[in-house]
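Take a moment to turn the structure around on your screen before reading on. The paragraphs below walk through it piece by piece.

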Amino acid sequence: MPTPTAYEPPRFDAGHQRPHVMGILNVTPDSFSDGGRHANADAALRRAQEMILEGADILDVGGESTRPGSEPVPLDLEWSRLDPILDQVIDMGTPVSIDTYKAEIARRACAAGAVIVNDVWGLQKDPAMAEVVAEAGVHVVMMHNRLAADAGLDILSDIDRFFEISMELAEKAGIAREKQILDPGFGFGKTINQNFIVLNRFETLKKHGLPLLAGASRKRMIGAVLEAETEDRLFGSVAVHMTAMLKGASIVRAHDVSPHADCVRMIEATRLERNPVE
């Protein structure tokens, strides 16, 4: 059995702490950006090792695509993609997050040693999820989501309401407050413009008093502005994530770990007003 690596997220209210980079490891054939690239176990393990060397603080492993329009995956199929690699990734010594909204997948992954559950439905999809997280004693990322975008919606108010429900579910289940992380869900149930409203006002989300995660890597909001295909959205991704970090994000979730790790180091040096490696 692998030994889980403990995780403690930096908080936005501790200015000396640098943000963390969560590297994306999709073991799926149909993810919007890297679908199929790491579906093979050997390829997935190589990519996990690469991201660690590039500076990933967390590895976020997912066995089901949650891109817009994707078809739900049966539990057994999702687990069959994760099971061959999960123990070995956990053994690499970097904290592992499981990207799933299914309680049973989360339970199995946490039993294997995952220390974060990254739920794109914020504990609100599977009624057993909050209890599973509480029993495992792991961190949980509670992301805002909607079935469909509504251009007439006050998206910030909707996010606030959603977060309040998620935090209430977490509290009722017994998930410690210091184990909770919030994610406004760039690209999920939002128009392009709403994504930029969220980014521009990202600091307002600090009122909930929890660490914040930003995950805009290679997403359509970037492609729309730059008129760039998925593979050509690196600089846009770094720009969005840097904006979010300067506005309070404690974690950024990214496909391209190395440039984001460089960005984090520069932010840290700026905050400290000195070279952090001295």
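What follows is a tour of a few spots in this model, which is a predicted one.

Let's begin with a pair of strands. Strand S5 covers residues 139-143, and it pairs with S6 in the parallel sense, over four bridges. If you want one contact to look for, find Val-140: its bridge partner in S6 is Gln-180. To get from S5 to S6 the chain passes through helix H5, residues 155-173, and this β-α-β crossover is right-handed.

Now stay with S6, which runs over residues 180-183, and look at its two sides. In a regular strand, side chains alternate between the two faces of the sheet. Here Gln-180 and Leu-182 sit on one side, with Ile-181 and Asp-183 on the other, and all of them are buried, so both faces of the strand are covered.

Val-141 gives us a way to step to another region. Its C-alpha atom is 9.0 Å from that of Leu-123, and the two residues are 18 apart along the chain. Leu-123 belongs to the loop between strand S4 (116-119) and helix H4 (129-136). With a relative accessibility of 4%, Leu-123 counts as buried, because the cut-off is under 20%.

Back to helix H5, the one on the way from S5 to S6. Asp-158 and Arg-161 both lie in this helix, three residues apart, which is about one turn. They form a salt bridge, and the closest N and O atoms are 3.6 Å apart. The two ends of this bridge are covered to differing degrees: Asp-158 is buried at 11% relative accessible area, while Arg-161 is partly exposed at 47%.

That bridge is part of a bigger count: a search of the whole structure turns up 17 salt bridges. One of them joins Arg-18 to Asp-57, with 2.7 Å between the closest N and O atoms. Arg-18 lies in the segment before strand S1 (20-26), and Asp-57 is in the loop between helix H1 (41-54) and strand S2 (58-62), so this salt bridge ties together parts that are 39 residues apart in sequence. Arg-18 is partly exposed, with 28% relative accessible area, whereas Asp-57 counts as buried at 14%.

Another salt bridge brings together the side chains of Lys-102 and Glu-64, at 2.4 Å from N to O. This pair also links distant parts of the chain, 38 residues apart: Lys-102 is in the loop between strand S3 (96-99) and helix H3 (103-112), and Glu-64 is in the loop between S2 and helix H2 (75-91). Are these two residues, Lys-102 and Glu-64, buried or exposed? Both are buried. Salt bridges can also join up into a network, as they do for Arg-47, Glu-50 and Glu-54.

Next come the aromatic rings. How many aromatic pairs are there? The count comes to one. It is made by Phe-186 and Phe-202, whose rings are stacked, 6.3 Å centre to centre with 15 degrees between their planes. Phe-186 is in the loop between S6 and H6, and Phe-202 is in the loop between H6 and strand S7 (213-214), so the pair links distant parts of the chain, 16 residues apart. Phe-186 counts as buried, at 0% relative accessibility, and Phe-202 counts as buried at 0% too.

A further phenylalanine, Phe-196, is found in helix H6 itself, residues 192-200. At 30% relative accessibility, Phe-196 counts as partly exposed. Together with Val-225 and Leu-226, Phe-196 makes a nonpolar surface patch of about 260 Å².

Two glutamates are worth a look before we finish. Glu-227 has a phi near 50 degrees, a positive value in a residue other than glycine. Find Glu-227 in the loop between helix H7 (220-226) and helix H8 (234-246), where its 74% relative accessibility makes it count as exposed. Glu-273 also has a positive phi without being a glycine, near 55 degrees. Glu-273 sits in the segment after helix H9 (257-272), and at 73% relative accessibility it counts as exposed.

Technical notes: Residues numbered from 1 in each chain as written. Predicted model: local features only at pLDDT ≥ 70, side-chain atom pairs only at ≥ 80, totals over all residues. Heavy atoms only, no water. Patch = residues over 30% accessible without salt bridge, like charges linked within 9 Å, V, L, I, M, F, W, Y side chains within 5 Å. Areas by Shrake-Rupley, 256 points an atom, 1.4 Å probe, with all protein chains shown as cover. Salt bridge = Lys/Arg side-chain N within 4 Å of Asp/Glu carboxyl O. Buried < 20%, exposed > 50% of the residue type's maximum accessible area, 1.4 Å probe, protein only. Pairing = 2+ DSSP bridges. Right-handed = clockwise from strand over helix to strand, strands pointing away. Phe/Tyr/Trp six-rings, centres within 6.5 Å; stacked < 30°, edge-to-face > 60°.
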